[in-house]
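The following exercises concern a predicted model. Each task is followed by a solution in steps.

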Amino acid sequence: MRERTWTDDTTHAIHESQTLRIERVHEADPRETAWTIAAYETPVSDRMWHLTMIGATPAPVLLTLLNTLAEGDAWKTAVGSPATEKTVTEATRPLIDAGWKHTVDGRWIRWETSQGDAGVQFDAFAAQSPHTTLATWTLWAGASTDRPTWAIHASPYTPAPMIAHLTGELAHV
């Protein structure tokens, strides 16, 4: 990975293949996006998937994401691979194993701790719209998904193994 800083406000890390890019906004408000990770099929293609994290995201969760990205193929996904029942099950297995409660509310499937202080939300509507600006996945901790202390938002084609690594970390935070 090469690292390049264009200004003092941001740092960009670009994989040698130029198909994985990370932007870190320094001194971002803890409730604003501080990290953006994006994957592309080729260096000049449209974005396949992206994931954002707010500045207050805990270091262990960030470390899990960076380690998953460093594994190489863990961040790759085939173009045209939207979330399926199988991939949602794979991505949320750590939450089920940890005993989180599971609810369905219209287009949203949610997993929450029994205390309601952390959760994962899957938006089935957004998952079917690959070019949407809505988050398909939201991982959060705090008062609620609408008022989180920290949150991660992921697009429809974010690889299920990456979400599974993050939900595994969230289940143990």
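**Exercise 1.** Determine which residues of helix 1 are buried, and where they lie around the axis.

*Solution.* Step 1: with buried taken as under 20% relative accessible area, the buried residues of helix 1 are V61, L62, T64, L65, T68 and L69. Step 2: these residues cover an arc of only 155° around the axis, so they lie on the same side of helix 1. Step 3: the face turned away from this buried side carries the exposed residues A59 and A70. Step 4: the packing partners of the buried residues are strand 3 (20-25), strand 4 (33-40), strand 5 (47-54), strand 10 (148-154) and helix 4 (160-170).

**Exercise 2.** Check the length of helix 1 against its expected span.

*Solution.* Step 1: helix 1 comprises 12 residues (residues 59-70). Step 2: the expected span is 1.5 Å times one less than the number of residues, which gives 16 Å for helix 1. Step 3: the end C-alpha atoms of helix 1 are 16 Å apart, in agreement with that value.

**Exercise 3.** Find the aromatic pair of the structure and classify its geometry.

*Solution.* Step 1: a search of the whole structure returns 1 aromatic pair, formed by F122 and W137. Step 2: the centres are 4.8 Å apart and the planes meet at 55°. Since stacked requires under 30 degrees and edge-to-face over 60, the pair is tilted. Step 3: F122 belongs to strand 8 (residues 118-123) and W137 to strand 9 (residues 137-142), 15 residues apart, so the pair links distant parts of the chain. Step 4: F122 counts as buried at 5% relative accessibility, and W137 counts as buried at 2%.

Key:
Residues are numbered from 1 along each chain as its sequence is written. This is a predicted model: local features need pLDDT of at least 70, side-chain atom pairs count only at pLDDT 80 or more; totals for chains, interfaces and linings use all residues. Side-chain values use heavy atoms; hydrogens and water are left out. Rings of Phe, Tyr and Trp (its six-membered ring) pair if their centres lie within 6.5 Å; planes under 30 degrees apart count as stacked, over 60 as edge-to-face and the rest as tilted. Helices (H or I, at least four residues) and strands (E, at least two) are DSSP runs, numbered from the N terminus. Buried means under 20% relative accessible area, exposed over 50%, partly exposed in between (1.4 Å probe, protein chains only). The arc is that of the directions from the helix axis to the C-beta atoms. Contact means heavy atoms within 4.5 Å.
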